[in-house]
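Welcome, and thanks for taking a look at this one with us. Please keep the viewer open while you read, so that each residue can be found as it comes up.

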Amino acid sequence: MIRGCQKRVYYLKNPNSPLFAEAYFILKGEKTPAPKETEMAEEARRIVENFENPGSRKPYPSPPFCAGQKIGAFMVGAASSSAVIGGIALLLAFA
């Protein structure tokens with residue numbers, strides 16, 4: 001038995017969905033104020049509707065393009081491959 005643990009759960013029964021009969025939403029953060037019942041109901045219905053209609057979802061924003069990281073990775077790769085090829089050439093020259 002776990003003691004001192006409290007979970008705030010919002011239960012949605014019959015969300016008028018062909019896929020779901022019930023939905024449980026676990027609220028995170030015990031220090032945040034509890035949302036109003038109408039806000040939770042609207043958010044829960046929005047989540048269920050977005051799950052049923054994947055075309056209506058907003059896509060996640062793509063991560064920002066960082067040219068510096070790609071150039072740095074290229075330079076490290078080029079330097080390490082040059083070092084390996086140079087080492088092999090030295091070994092073959094003195095063999």
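Here is a short briefing on this predicted model, grouped by topic.

**Overall layout**

- The protein chain holds 2 helices and 2 strands, and reading from the N terminus the order of its elements is β-β-α-α.
- Of its 95 residues, 12% count as buried.
- The chain exposes about 8,700 Å², and 63% of that comes from carbon and sulfur atoms.
- If you look at contacts between residues at least 6 apart in sequence, 37% of them join residues at least 24 apart.

**The strand pair**

- Strands β1 and β2 run antiparallel and are joined by 6 bridges.
- To find your way along the pair, you can start at Arg-8, whose bridge partner in β2 is Leu-27.
- β1 has two faces: Arg-8, Tyr-10 and Leu-12 are on the covered one, while Val-9, Tyr-11 and Lys-13 are on the uncovered one.

**The nonpolar core**

- Which residues make up the largest nonpolar core? There are 8 residues in it: Tyr-10, Leu-12, Ala-23, Phe-25, Met-40, Ala-41, Ala-44 and Val-48.
- Three elements give two or more residues to this core, namely β1 (8–13), β2 (22–27) and α1 (37–52).
- Of these, α1 gives the most, with 4 residues.
- Two residues on the covered face of β1, Tyr-10 and Leu-12, are also members of the core.

**A closer look at Ala-23**

- Ala-23 is a core member that sits in strand β2.
- Is Ala-23 buried or exposed? Its relative accessible area is 9%, so Ala-23 counts as buried, the cut-off being under 20%.
- Setting aside neighbours within four places in sequence, Ala-23 is in contact with Tyr-10, Tyr-11 and Leu-12.
- Among these contacts, Tyr-10 and Leu-12 belong to the core as well, whereas Tyr-11 is on the uncovered face of β1.
- Ala-23 and Lys-13 are 10 residues apart in sequence, and their C-alpha atoms are 6.5 Å apart in space.

**The nonpolar surface patch**

- Val-9, Tyr-11, Tyr-24 and Ile-26 form a nonpolar patch on the surface, and together they have about 430 Å² of accessible area.
- Both β1 and β2 give two or more residues to this patch.
- Val-9 and Tyr-11, two of the patch residues, are found on the uncovered face of β1.
- Tyr-11 lies in strand β1, and its relative accessibility is 35%, which means that Tyr-11 counts as partly exposed.

**The salt bridge in α1**

- How many salt bridges does a search of the whole structure find? The search finds 1.
- As background, side chains of opposite charge can pair when their charged atoms come close.
- Here the partners are Glu-43 and Arg-46, with 2.5 Å between their closest N and O atoms.
- Why are these two about one helical turn apart? Glu-43 and Arg-46 are separated by about one helical turn because they are 3 residues apart in helix α1.
- Glu-43 has 35% relative accessibility, so this residue counts as partly exposed.
- Arg-46 is partly exposed too, at 40% relative accessibility.

**Phe-51 in α1**

- Phe-51 is found in helix α1.
- With 47% relative accessibility, Phe-51 counts as partly exposed, because exposed would mean over 50%.
- Phe-51 and Leu-19 are 32 residues apart along the chain, and their C-alpha atoms are separated by 9.5 Å.

**To take away**

- β1 and β2 each give two or more residues to the core, and both also do so for the nonpolar patch.
- Helix α1 brings 4 residues to the core and holds the salt-bridge residues Glu-43 and Arg-46.

Methods:
Residues numbered from 1 in each chain as written. Predicted model: local features only at pLDDT ≥ 70, side-chain atom pairs only at ≥ 80, totals over all residues. Heavy atoms only, no water. Core = buried A, V, L, I, M, F, W, Y, C linked by side-chain atoms within 4.5 Å. Buried < 20%, exposed > 50% of the residue type's maximum accessible area, 1.4 Å probe, protein only. Patch = residues over 30% accessible without salt bridge, like charges linked within 9 Å, V, L, I, M, F, W, Y side chains within 5 Å. Areas by Shrake-Rupley, 256 points an atom, 1.4 Å probe, with all protein chains shown as cover. Salt bridge = Lys/Arg side-chain N within 4 Å of Asp/Glu carboxyl O. Pairing = 2+ DSSP bridges. Contact = heavy atoms within 4.5 Å.
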